[in-house]
Every structure is written in C-alpha cells, then in structure tokens.
Amino acid sequence: MIDLRSDTVTKPTKEMLEAMMRAKVGDDVFREDTTVNLLEEHIAKMFNKDMALFFPSGTMANQTAIKLHTQPGDQIICDKYSHIFNYESGGVSFNSGVSCNLLDVNNGFFTAKDVENAINPSAYYYSKTSLVEIENTANRRGGSCWDFNEIKKIKAVCTKNNLGFHLDGARLWNALVAKKETTEQYGEVFDTISVCLSKGLGCPIGSVLVGDAKIMENAIRVRKIFGGNMRQAGYLAAAGIYALNNHVERLAQDHEKAKNIADVLSKLSIIKSVEPTETNIVIFELNAGVSENEFVKKLAAKNIHIISMGGNKLRMVTHLDYTDAMHEKVLLTLNKMFS
C-alpha cells in the first residue's frame with residue numbers, strides 16, 4: 001500500500017523501536033520518568049526556552065497554549081485555514097471560551113499590518129484581543145513556509161499591544177529544513193511553540209509545548225485538566241529523542257519527492273493548478289468536470305491512497321515510509337493514467 005494521505009501514517013523504524021525498548025521509565029505524573037524529562041530538557045534547550053512539556057497530541061498542546069494565553073471572552077487572531085480553528089473540534093470555544101478573528105489574506109500569510117488592523121478596540125463591548133497564532137508550515141496552504149522577517153514584524157506588533165504569540169509548529173521541522181532556519185530563531189520570537197513528533201519525524205505519538213517559565217507555570221495543570229497525564233511515557237519520549245537525532249535532516253528527501261509529484265501533476269491535462277510546493281505537502285485542483293472521487297478511486301485501484309479536500313482539491317503528503325520504489329510507481333502511474 002502506498003499511503004500519501006498524511007505524514008501521520010508512518011510506523012516506527014526498527015531502530016526507533018529498539019530505542020523505545022531501551023528507555024528508562026518512571027511515573028511521569030510524579031515527574032519521575034527519566035526519558036520524558038530528557039526529551040523535555042532537550043527540546044527546551046533547542047528553542048532556548050525555560051520549560052517544555054510532553055503531550056499525547058498536537059491538538060492538546062495547542063489547546064493548552066491557548067488556555068495559558070487567554071481568558072474566556074477573549075479573541076485570537078489567526079488564519080482562516082488554521083488547524084486550531086478547522087481541525088481541533090471547536091476546542092478554542094469549548095476549552096477556553098474564546099473566539100477567532102479569522103484572516104484570509106495573502107494566501108494565509110498575513111502581515112504585521114494585517115494584525116494591527118485586526119486588533120479589537122479597547123471598548124468594553126468588544127472581545128479583548130489577547131493572542132496571535134500562526135501555523136508553520138501551513139497545512140491547508142500546501143505546506144508552505146512563513147517569511148521569518150514578517151514573523152519578527154508581527155512579534156513587534158504583539159509586544160507593542162501586549163499580545164501573546166503562539167506558533168503551531170506541527171510541521172516546523174519541515175520549515176526549518178526547507179528554509180535553513182534554526183530553533184533558536186523561533187524560540188526568541190514566540191512566547192509558546194508546539195512541535196509535533198508524529199508527523200515528519202515518524203514517531204508513533206507525541207507533541208511538545210515549549211515556553212518561558214511564567215507562561216508555562218500552569219501548563220502541567222491544564223494538561224491534567226484536559227486528561228493528558230501519562231505514566232510510563234518514556235517509551236514514547238524515547239521515540240522522540242531518537243527522531244530528533246536521526247530524522248530531521250532527511251525531511252529534505254520528502255520535500256524533493258513532493259516537488260517531483262507536483263511537477264508531474266502540473267503537466268497533466270486534467271489538472272487545473274498545483275499549489276507551490278515548498279515542503280512535503282502537494283495540494284492540487286482538478287479541472288471542472290473531472291470528478292475528485294473518481295480520481296481518488298482510480299489511484300486506490302492501483303493501491304495508491306490520497307485524500308480529498310473538497311472543492312475538486314486533493315492532497316498528497318510524502319513521508320518517512322514513502323520509499324524510492326513507491327515514488328517511482330506513483331510518478332509512473334500518474335503519467336500513464338492521466339496524461
């Protein structure tokens with residue numbers, strides 16, 4: 001099976017499993033799991049932050065960050081297609097009682113000026129703007145990367161207006177490799193950052209939230225409220241440590257394969273457009289009159305599985321388990337079936 005639906009479908013490598021089985025563990029609720037502590041210390045140091053906390057999922061890490069930054073009735077500024085708004089089951093309202101001011105400009109990459117314009121007036125009958133959130137890479141925007149210079153300008157607006165600044169870095173590792181940026185750069189700008197270990201890095205589970213001591217003071221309490229306490233979680237944390245040491249630089253291979261797929265798709269007569277492909281996500285649109293369901297079924301019949309996004313748009317995501325042989329078959333199949 002060639003599974004290009006998401007980079008979350010990967011399974012631990014043999015070496016990762018061996019690292020997991022060697023992990024020294026304890027009860028993490030008592031903060032006695034050696035390997036969890038090592039992972040948290042390692043990632044906090046990478047971003048030059050005071051604290052890090054291991055979570056079962058990126059959604060829980062993001063939701064915890066929102067809770068730490070806001071009070072009920074507040075408002076978040078974020079992209080219309082952000083994960084926190086579209087794919088976290090309404091958690092911003094359910095968990096924190098806040099609303100979102102959704103920006104839909106410049107293909108998702110709003111500017112510092114856009115943020116300034118989106119901040120609510122201070123009058124009591126407006127929601128209080130308290131947080132700006134961005135997602136890098138931007139999933140629904142085709143795995144595209146933010147311009148770090150604009151991020152710094154947005155930070156200046158946040159500082160001037162006393163706003164929190166959170167990064168949903170579910171695929172930040174991809175952005176760092178693609179743009180040749182560093183974790184320290186991001187740690188300097190953002191108040192909180194969530195990073196995922198179970199996408200491009202190939203772990204079976206886990207995300208980590210990092211931040212400075214003051215903002216992270218209640219993070220472990222909020223994780224408990226959300227049901228995120230774990231016991232001998234070091235087996236999972238060990239996978240994260242292994243991935244950080246062995247699976248980051250190889251993301252460039254996923255990016256190259258995604259660009260190959262995008263190139264082939266752009267030459268097919270049934271394809272209307274292919275979004276710019278910077279990292280490992282390829283989003284493309286079929287011509288009017290071409291059925292996206294039929295397109296998906298034809299590929300599935302060849303044991304190639306992709307995901308439909310609606311509106312005649314589809315997505316392919318390259319990852320650790322997508323081999324060179326699979327890649328050759330996908331490119332050949334696309335050319336044979338649809339050219």
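These legends describe close-up views of a predicted model.

**View 1. Helix 1 crosses helix 12.** Helix 1 covers residues 14-21, and helix 12 covers residues 234-246. Their axes come within 8 Å. The crossing angle is roughly 135 degrees, which means that helix 1 lies oblique to helix 12. The crossing of helix 1 past helix 12 is right-handed.

**View 2. Side by side: the residues where helix 1 meets helix 12.** Helix 1 contributes Glu15, Met16, Ala19, Met20 and Met21. From helix 12 come Tyr235, Leu236, Ala238, Ala239, Tyr242 and Ala243. By class, this contact has 10 nonpolar residues and one charged residue. Polar residues number zero here. The charged residue is Glu15 of helix 1.

**View 3. Cys100 and Cys78 without a disulfide.** The model has zero disulfides by the distance rule. Cys100 is in none. The nearest cysteine sulfur to that of Cys100 belongs to Cys78, 4.0 Å away. A disulfide needs sulfur atoms within 2.5 Å, so this pair does not count as one. Cys100 has a relative accessible area of 18%. The cut-off for buried is under 20%, so Cys100 is classed as buried.

**View 4. Cys145, a buried cysteine.** The closest cysteine sulfur to that of Cys145 is in Cys196. The two sulfurs are 16 Å apart, so they are too far from each other for a bond. Cys145 has a relative accessible area of 7%, and therefore Cys145 is buried.

Note on methods:
Residues are numbered from 1 along each chain as its sequence is written. This is a predicted model: local features need pLDDT of at least 70, side-chain atom pairs count only at pLDDT 80 or more; totals for chains, interfaces and linings use all residues. Side-chain values use heavy atoms; hydrogens and water are left out. Axes are lines fitted to C-alpha atoms, for helices over the stretch in contact, and angles run from 0 to 180 degrees between N-to-C directions. Helices (H or I, at least four residues) and strands (E, at least two) are DSSP runs, numbered from the N terminus. Angles under 35 degrees count as roughly parallel, over 145 as roughly antiparallel, 65 to 115 as roughly perpendicular and the rest as oblique. A crossing is left-handed if the near helix is turned anticlockwise from the far one by less than a right angle, and right-handed if clockwise. Contact means heavy atoms within 4.5 Å. Buried means under 20% relative accessible area, exposed over 50%, partly exposed in between (1.4 Å probe, protein chains only).
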